[in-house]
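Here are some short exercises to work through with the model open on your screen. Try each task before you read its solution.

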Amino acid sequence: MYDKKGTVTREGIRIHEPADFAGMLKAGQVAAQILDDIAPHVFPGQTTGEIDRLIEEMVHAHGAKSATIGYRGYQHASCISVNHVVCHGIPGDKLLKNGDILNIDVTVIVDGWFGDTSRMYVAGELGRKAERLIQVTHDALMLGIEAVKPGNTFGDIGYAIQSYVEAQRMSVVRDFCGHGLGRVFHAPPNVLHYGRPGREAVLEEGMFFTIEPMVNLGRPETKVLADEWTAVTRDKSLSAQFEHSVGVTAGGCEIFTLSPGGKFHSTWA
Ligand code: MF3
Ligand code: CO
Ligand code: CO
């Protein structure tokens, strides 16, 4: 289906050209390199504001642009979500303490393409429960990614994530989802991290989107604080998230935001 601008879409989801994958990989790799490089700056006594300041410097050092600064009034180059913060944590002057776990989410624009990725970090020593939560969340993301291939549906992705997480007696956040991206930050579809096999739109080669499951040790409910950004678990339980940007290929998918250094966690690298 062609829209008014002559763009190919399927159920409102843009179908990109083979040549567009290179642009997404370049943007994704800049974001992923920044997540690699920020790891040594996460330690007890550090502030999330300083981490964000370093990230903004890194974005500019790559000749990239931050997609989040100025996005709907957001003023930072990253979201940093500590402990029971589910997502959209605002960097500030609070000190990290030993055992804090945090998600750092960076989105950059390179040559007009958006690279969006996040990972978990720990300040100091990682507790046993937090370690399990982080491992399960990363495994859930990768299981979701394994379901990405032409002919499968978005429901298959959600089901792969939800069934695994719930079998581990943890819960999947419903209030936030992944999203299409490309030359825009947030586009159709909403990529739900729960669902049923065979439901939702069918995946096609050339679709670009994020998968970014948020997993809680307790219940799935969240609430947004008065700052209108910070989302926390209602029951104050720990929450974790990982995010990759992917593109559907003929045989499966390409992950644009894999760590150039082969890391997914600052301490397990
Ligand atoms: N990077 C986030 C995502 O994964 C969006 C952050 S928007 C911001 O979609 F404004 F909070 F930065
Ligand atoms: Co995203
Ligand atoms: Co993100």
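The exercises below start at the metal site and end with the whole fold.

This is a predicted model, in which local features need pLDDT of at least 70, side-chain atom pairs count only at pLDDT 80 or more, and totals for chains, interfaces and linings use all residues. Residues are numbered from 1 along each chain as its sequence is written, chains are lettered from A and ligands numbered from 1 in the order in which they are written, and side-chain values use heavy atoms, with hydrogens and water left out.

**Exercise 1.** Find which residues coordinate the cobalt ion (ligand 3).

*Solution.*
- Start with the donors, meaning N, O and S atoms within 2.8 Å of the metal (3.2 Å for Na, K and Ca); water is not among the atoms, so sites may look incomplete.
- At 2.0 to 2.3 Å you meet Asp105 (OD), listed twice, Asp116 (OD) and Glu243 (OE).
- Along the chain, these donors follow the spacing D-x10-D-x126-E.
- Now look for the neighbouring metal: the cobalt ion (ligand 2) is 3.3 Å from the cobalt ion (ligand 3), and Asp116 coordinates both.

**Exercise 2.** Decide whether Asp105 and Glu243 are buried or exposed.

*Solution.*
- Apply the cut-offs: buried is under 20% relative accessible area, exposed over 50%, partly exposed in between (1.4 Å probe, protein chains only).
- Both Asp105 and Glu243 come out as buried.
- For the whole protein, buried residues make up 54% of the 269 residues.

**Exercise 3.** Work out how many contacts, in percent, join residues at least 24 apart.

*Solution.*
- Count a contact when heavy atoms lie within 4.5 Å.
- Keep those between residues at least 6 apart in sequence; 70% of them join residues at least 24 apart.
- To finish, frame the C-alpha atoms along the principal axes: they fill a box of roughly 55 × 45 × 35 Å.
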